[in-house]
Amino acid sequence: MRGLLCWLVLLFLLQPWESQLQLAGPRCHTGPLDLVFVIDSSRSVRPFEFETMRQFLVGLVRGLNVGPNATRVGVIQYSSQVQSVFPLRAFSRREDMERAIRDLVPLAQGTMTGLAIQYAMNVAFSVAEGARPPEERVPRVAVIVTDGRPQDRVAEVAAQARARGIEIYAVGVQRADVGSLRAMASPPLDEHVFLVESFDVIQEFGLQFQSRLCVRDLCNGVDHGCEFQCVSEGLSYRCLCPEGRQLQADGKSCDRCREGHVDLVLLVDGSKSVRPQNFELVKRFVNQIVDFLDVSPEGTRVGLVQFSSRVRTEFPLGRYGTAAEVKQAVLAVEYMERGTMTGLALRHMVEHSFSEAQGARPRALNVPRVGLVFTDGRSQDDISVWAARAKEEGIVMYAVGVGKAVEAELREIASEPAELHVSYAPDFGTMTHLLQNLRGSICPEEGISAGTELRSPCECESLVEFQGRTDLCGNPNGLLNRSLAQLTARLEDLENQLANQK
């Protein structure tokens, strides 16, 4: 009888909150949003606490503008294992979501929060599970609700999830470890970390969270003009650029290699050591490179080659004329998964990829030819002959290594100086920090001497320009000649002083 009384009191307390959250205001018109709830159902979560979380979910879902083209909702629960309650693609009606949440049975085991975040990052937010593709730039939000201290590490995997663009809210119930919540959540922490100690706090979080989702509608309700991404901030918004590119003075457009006419061929390692989930990260990294290029038939042309035990041209230089077409083709590339024949790939690049038949521009036009090799391990064949041949053919070579990539091989592939043409990341999740270096190297107007026409300073058309700078062409009154004359006079004075001392 006492247990039944507790449940009745609990339901009595919960009902006003659920109704309050639903009736707090007009339903949020958030525009596209992919929202995944990650629910702790370990044995430490007592029945009435789990019921609290269940009603919390129902109340939030009732306040969302759900639909295939609006907010998509997924729910996963975890303990010592992870279980998908329903994926993002499952339901487009709130009623169906509520029914699945009410039917949820807790797992009642351990507390592997890091494992749950890993699952959310790799599975729940995948396109196969219903998430919108990255190029659509639909915000991805994870709400983690937990009652205790994780039994595995969360900081590193949460950082990887945030690096992939997942915004994380961490909600702790009563005994939750605040340090772990802060390690999981997105910055600013005071807006993404909540410690739930009573039903009132649950109401507060629910209302605040719902209001933040409503604010997201600002970018969809104004003509923001952002070239890449619009982010709402309170009653205002700001424009963001892809990593490796800078926002221009107009606050809307992103800089790119606007003056760069380059033929760029990317050689991507598709060997089995890369693994499928990392190959998807590689494709995303390639598209981030494409983002800062001025792709067009007259500007930068991009080709892609994948290699493992064999070599396959995914698309040649001359096939696509816009960045959007290139990025779509990159996402469609299928992973090979075999050996690592980097030497064979280099040979293919030299003999075929930069041919006019494949879309490269004639050498007479002096368009720079750039090759970028991406690999995660040691080559199973010799690379020296074709690495040297590529540079003899005038191809500027860059080497990007990840994980177990061999530094000596990267340096042999790359052009000199190696410091400007070799990049390395310890794992696939940290590759994005390489983008700025690659941008500064590949963009002709930003790289060192890349794409720059060298002229003699004494040619007639250069004479006036160089006289105004360094006076290298024999002007007797020029700055350089005056400096030399002053230096000569000082040396003669020093010689005279030494002679007098003797």
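Let's start with two helices, α2 (residues 47-62) and α3 (residues 94-102), whose axes come within 10 Å and cross at roughly 175°. Angles over 145 degrees count as roughly antiparallel, and α2 and α3 are therefore roughly antiparallel to each other. Keep in mind as you look around that this is a predicted model.

So who touches whom here? On the α2 side, the contact is made by Arg54, Gln55, Leu57, Val58, Val61 and Arg62. Across from them, α3 brings in Arg94, Met97, Glu98, Ile101 and Arg102. Sort the residues of this α2 and α3 contact by class and you get five nonpolar, one polar and five charged.

Two packed helices are described by the angle between their axes and the distance between the axes. Try that on the next pair, helix α4 (residues 113-124) and helix α5 (residues 155-163): they pack at an angle of about 20°, and their axes are 9 Å apart. Since angles under 35 degrees count as roughly parallel, that angle makes α4 roughly parallel to α5. The way α4 passes α5 is a left-handed crossing. From α4, the residues making the contact are Gly114, Ile117, Gln118 and Met121, while α5 supplies Val157, Ala158, Gln160 and Ala161. This contact of α4 with α5 has five nonpolar residues, three polar ones and no charged ones.

Further along the chain comes another pair. Helix α12 (residues 342-353) packs against helix α13 (residues 384-392) at an angle of about 25°, and their axes are 8 Å apart. That makes α12 roughly parallel to α13. Here, too, you'll find a left-handed crossing as α12 passes α13. Look along α12 for Gly343, Leu346, Arg347, Met349, Val350 and Glu351, which meet Trp386, Ala387, Arg389 and Ala390 in α13. In the contact of α12 with α13, six residues are nonpolar, one is polar and three are charged.

Now for the empty spaces. Rolling a probe the size of a water molecule over the atoms shows where empty space is left. The second largest pocket of this model has a volume of about 410 Å³. What lies nearest the centre of the second largest pocket? Of the 26 residues that line this pocket, Ser273, Val274, Arg275, Asn278 and Phe428 are the ones nearest its centre. Two elements, α4 and α10 (276-291), give two or more residues to the lining. Helix α10 gives the most, with three residues. By class, the lining of the second largest pocket holds five nonpolar, 13 polar and eight charged residues.

One of those central residues, Arg275, deserves a second look. Arg275 isn't a glycine, yet it has a positive phi of about 75°. To find Arg275, go to the loop between β9 (263-269) and α10.

Finally, let's turn to the backbone at two prolines. Which residues does the cis peptide bond with an omega of about -10° join? The answer is Pro187 and Pro188. Pro188 sits in the loop between α6 (178-184) and α7 (189-192). Another cis peptide bond joins Glu416 and Pro417, and its omega is about -5°. You can spot Pro417 in the loop between α14 (407-413) and α15 (418-421).

How values were computed
Residues numbered from 1 in each chain as written. Predicted model: local features only at pLDDT ≥ 70, side-chain atom pairs only at ≥ 80, totals over all residues. Heavy atoms only, no water. Axes fitted to C-alpha atoms, helices over the stretch in contact; angles between N-to-C directions. Helix = DSSP H or I, 4+ residues; strand = E, 2+ residues; numbered from the N terminus. Parallel < 35°, antiparallel > 145°, perpendicular 65-115°, else oblique. Left-handed = near helix turned anticlockwise from the far one by under 90°. Contact = heavy atoms within 4.5 Å. Nonpolar A, V, L, I, M, F, W, Y, C, P; charged D, E, K, R; others polar. 1 Å grid on protein atoms, 1.4 Å probe; cavity = no way out; pocket = protein on both sides within 12 Å on 5 of 7 lines; lining within 4 Å. Points joined across faces, edges and corners; volume = space filled by probe spheres on them.
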